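I set aside some time today to walk through this fold, strand by strand and helix by helix. Here are my notes, in the order I looked things up.

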Amino acid sequence: MKKVKIYTDGACSGNPGPGGYGAVLIYGSHRKEISGGEEQTTNNRMEIMGVIKGLEMLKEPCEVELYSDSRYVVDAVEKGWALRWKENNWMRNKKEAALNTDLWEILLELLRKHKVTFHWVKGHAGNAENERCDELARGEIQLLKA
């Protein structure tokens with residue numbers, strides 16, 4: 001399996017409001033940057049989208065080290081919350097529905113294809129790739145506002 005590093009970030013101006021995501025994929029000496037956005041979204045949706053779009057770029061099953069500054073995303077996967085929500089018909093508990101189920105459904109399917117290890121990184125703390133993802137995400141917001 002090829003070993004790939006993916007850094008992701010999501011951002012939103014207002015929550016909800018215009019939002020963007022950015023991802024940086026690194027494989028050996030190869031590097032690819034991607035970004036996108038939505039006119040009306042939330043920060044958490046953009047965080048998940050960054051991960052989805054990064055993984056969707058992979059043409060074959062890969063071993064992935066994925067870096068995100070979103071505790072929501074990292075914990076939901078690493079602590080098994082997202083799988084549990086799905087098993088409980090997308091309920092977080094007996095009274096609360098899980099949010100962003102459409103995106104979690106896609107992400108869980110991608111995680112079956114790739115061997116992904118999630119790493120939480122502190123946002124805006126000098127991690128160059130995380131900072132670049134933030135720039136890409138915020139750039140998408142500016143395009144939407146223009």
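**Entry 1: what I am looking at.** A reminder to myself before anything else: this is a predicted model.

**Entry 2: the sheet.** I began with the strand order. I found an open sheet of 5 strands, ordered S3-S2-S1-S4-S5, and its pairing is mixed. The edges are strand S3 (30-41) and S5, each of which pairs on one side only. From one strand to the next, the twist averages 20°.

**Entry 3: strand S1 and its hairpin.** Next I followed S1 towards S2. The two strands run antiparallel and are joined by 8 bridges. I picked out one pair to keep my place: Cys-12 has Gly-19 as its bridge partner in S2. S1 and S2 form a hairpin with 4 residues between them. I checked the turn as well, where Gly-14 has a positive phi of about 85°.

**Entry 4: from S1 across to S4.** On this side, strand S1 (residues 2-12) is joined to S4 by 7 bridges, and the two run parallel. I noted three pairs along the way. Lys-3 stands opposite Glu-63 in S4, Lys-5 has Glu-65 in S4 as its bridge partner, and Ile-6 stands opposite Leu-66 in S4.

**Entry 5: from S4 on to S5.** Leu-66 turned up again here, since its bridge partner in S5 is Phe-118. S4 and strand S5 (residues 115-120) pair in the parallel sense, over 6 bridges.

**Entry 6: burial of two strands.** How many residues of S1 are buried? I got 8 of the 11, so S1 is largely enclosed by the rest of the structure. I then asked the equivalent of strand S4 (residues 62-68): 5 of its 7 residues are buried, so S4 too is largely enclosed by the rest of the structure.

**Entry 7: helices on the sheet.** I turned to what lies against the strands. H2 lies across S4 and S5, and runs at about 135° to S5. Helix H5 (residues 128-145) packs on the sheet as well, touching S1, strand S2 (17-27) and S3. The direction of H5 makes about 145° with that of S2.

**Entry 8: H1 against H4.** A note on the approach: two packed helices are described by the angle between their axes and the distance between the axes. For helix H1 (residues 43-56) and H4, the axes come within 10 Å and cross at roughly 30°. That angle makes H1 roughly parallel to H4. H1 passes H4 in a left-handed crossing. Which residues meet here? From H1 I listed Arg-45, Ile-48, Met-49, Val-51, Ile-52, Leu-55 and Glu-56. From H4 I listed Asp-102, Leu-103, Trp-104, Ile-106, Leu-107, Leu-110 and Leu-111. The contact of H1 with H4 divides into 11 nonpolar, no polar and 3 charged residues.

**Entry 9: H2 against H4.** The axes of helix H2 (residues 71-78) and helix H4 (residues 101-113) come within 12 Å, and they cross at roughly 55°. That makes H2 oblique to H4. The crossing of H2 and H4 is right-handed. Tyr-72, Val-73, Ala-76 and Val-77 of H2 make the contact with Trp-104, Leu-107 and Leu-111 of H4. By class, I counted 7 nonpolar, no polar and no charged residues in the contact of H2 with H4. Looking back, Trp-104, Leu-107 and Leu-111 are also among the H4 residues that meet H1.

**Entry 10: a stop at Ile-34.** I closed with a single residue, Ile-34, which is found in strand S3. Is Ile-34 buried or exposed? At 12% relative accessibility, Ile-34 counts as buried. Leaving out residues up to four places away in sequence, Ile-34 touches Tyr-21, Gly-22, Ala-23, Leu-25, Lys-53, Gly-54, Met-57 and Leu-136. I also looked up its separation from Leu-144: Ile-34 and Leu-144 are 110 residues apart in sequence and 16 Å apart in space, C-alpha to C-alpha.

Key
Residues numbered from 1 in each chain as written. Predicted model: local features only at pLDDT ≥ 70, side-chain atom pairs only at ≥ 80, totals over all residues. Heavy atoms only, no water. Buried < 20%, exposed > 50% of the residue type's maximum accessible area, 1.4 Å probe, protein only. Pairing = 2+ DSSP bridges. Axes fitted to C-alpha atoms, helices over the stretch in contact; angles between N-to-C directions. Parallel < 35°, antiparallel > 145°, perpendicular 65-115°, else oblique. Left-handed = near helix turned anticlockwise from the far one by under 90°. Contact = heavy atoms within 4.5 Å. Nonpolar A, V, L, I, M, F, W, Y, C, P; charged D, E, K, R; others polar.
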